[in-house]
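Trainee: I should like to learn how descriptive terms are justified in a structure. May I ask about some of them in turn?

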Amino acid sequence: MKKANIVACLALGLALAPSAFAGFDFAPYASIKSTKSVTPGKKSTEDESIKQRQEYGIRASLSFWHLFKTQLSVGQSKTTTTQKTSTVVDEYGEIDYNKDFDMDTSNPDNLMKLTETQRVGKFSLILDPSFSIFILRLKVGVTAVQRIVDKEEVGQPNQSITTGPTYSPHSGVGLGVRFCPKMYFMAEYEMYHYKYPKIEPFERELSVSYNVSI
């Protein structure tokens, strides 16, 4: 009787497996990310600026019951800006440029070039309900970010700072169009909550991907 129960359980598991495990998705993606920063202005005021980054990477997803997915993505962005030493501010609030670079601010009009490379990894839980050829997407997860900042300034030695990886939650929504059972296009809007549990500030990301199912 015990053997019969084991056989029945195995048979039930094999019967449910094809419907439970829907497949594997692979997708290259490109995104535009933007963050706000506040810098000192004239007459004790503050100026708000927005910095944008272009990120490229790949995503891999494992789907269950054609509805739920786990997704792992890795990507990288690189930006270069030129700023005055007197007004440079880290939009994430993680780096104190004056202190960490031991900067000479005696001449506030000195310019320096900052090149920042971000290496980003994300793990997400996704809900993907489908309506005809359209796919809606809801996602939550954790983002890991490593930052490498290189500074160049005339008359000063080149310096570099590496921070992280730091871990923060992210959330997002998306809309996709399926071209055939194995291929679909997806556009997503995501928020990286780098000051969690505070809702703001957060980094915005708009990404597009072309997904292939295996």
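**Reasoning from values to terms**

Mentor: Let us begin with one pair of residues: Val173 stands opposite Tyr189 in E8. Please keep in mind throughout that this is a predicted model.

Trainee: What makes E7 and E8 a pair of strands, and in which sense do they run?

Mentor: Two strands pair if at least two bridges are found between them. Strand E7, residues 159-180, shares 10 bridges with E8, in the antiparallel sense. The requirement is at least two bridges and the count is 10, so E7 and E8 are a pair. The connection from E7 to E8 is a hairpin through 2 residues.

Trainee: How do you know that E8 also pairs with E9?

Mentor: The same test is applied. E8 and strand E9, residues 203-213, are linked by 10 bridges and are antiparallel. As at least two bridges are needed, the term "pair" is justified. One of the residues of E8, Glu188, has Ser207 of E9 as its bridge partner.

Trainee: Which residues make up the two faces of E8?

Mentor: E8 spans residues 183-192, and its covered face consists of Tyr184, Met186, Glu188, Glu190 and Tyr192. The uncovered face consists of Met183, Phe185, Ala187, Tyr189 and Met191. Side chains in a regular strand alternate between the two faces of the sheet.

Trainee: Why is Lys122 called buried?

Mentor: Lys122 belongs to strand E4. Its relative accessibility is 9%, and buried means under 20%, so the term applies to Lys122. Apart from neighbours within four places in sequence, Lys122 is in contact with Gln71, Leu72, Ser73, Val142, Thr143, His170, Glu190 and Glu205.

Trainee: What makes the approach of Lys122 to Glu205 a polar contact?

Mentor: The side chains of Lys122 and Glu205 are joined at 2.7 Å. A polar contact requires N or O atoms within 3.5 Å, as well as one atom able to donate a hydrogen and another able to accept it. The distance of 2.7 Å therefore meets the cut-off of 3.5 Å.

Trainee: How many cavities are counted, and what is the volume of the largest?

Mentor: There are 4 cavities of 30 Å³ or more. The largest has a volume of about 40 Å³. Its lining residues are Lys33, Val120, Lys122, Thr143, Val145, Glu190, Met191, Tyr192, Glu203 and Glu205. The elements that each supply two or more of these are strand E4 (111-127), strand E6 (134-153), E8 and E9. E8 makes the largest contribution, with 3 residues.

Trainee: What is the lining of the largest cavity by class?

Mentor: The lining has 4 nonpolar, 1 polar and 5 charged residues.

Trainee: Why is Lys84 called partly exposed?

Mentor: Partly exposed is the range between buried, under 20%, and exposed, over 50%. Lys84 has a relative accessibility of 38%, so it falls in that range. Lys84 is located in strand E3, residues 68-84. Residues up to four places away in sequence being left out, Lys84 touches Pro108, Asp109, Asn110 and Leu111. The C-alpha atoms of Lys84 and Asn107 are 9.4 Å apart, although 23 residues separate them along the chain.

Trainee: Why is Ser132 called exposed?

Mentor: Exposed means over 50%, and Ser132 reaches 72% relative accessibility, so the word is correct. Ser132 is in the loop between strand E5 (130-131) and E6.

Trainee: What is notable about the phi of Ser132?

Mentor: The phi of Ser132 is near 60°, which is positive in a residue other than glycine. Most residues other than glycine have a negative phi, and most peptide bonds are trans.

Trainee: Which peptide bonds are cis, then, and with what omega?

Mentor: Among them is the bond from Gly164 to Pro165, with omega near 10°; Pro165 is in strand E7. Another is the bond from Tyr196 to Pro197, with omega near 15°. Pro197 is in the loop between E8 and E9.

Trainee: How many helices and strands does the protein chain have, and how much of the chain is buried?

Mentor: The protein chain contains 2 helices and 9 strands, in the order α-β-β-β-α-β-β-β-β-β-β. Of its 214 residues, 37% count as buried.

Conventions. Residues numbered from 1 in each chain as written. Predicted model: local features only at pLDDT ≥ 70, side-chain atom pairs only at ≥ 80, totals over all residues. Heavy atoms only, no water. Buried < 20%, exposed > 50% of the residue type's maximum accessible area, 1.4 Å probe, protein only. Helix = DSSP H or I, 4+ residues; strand = E, 2+ residues; numbered from the N terminus. 1 Å grid on protein atoms, 1.4 Å probe; cavity = no way out; pocket = protein on both sides within 12 Å on 5 of 7 lines; lining within 4 Å. Points joined across faces, edges and corners; volume = space filled by probe spheres on them. Nonpolar A, V, L, I, M, F, W, Y, C, P; charged D, E, K, R; others polar. Contact = heavy atoms within 4.5 Å.
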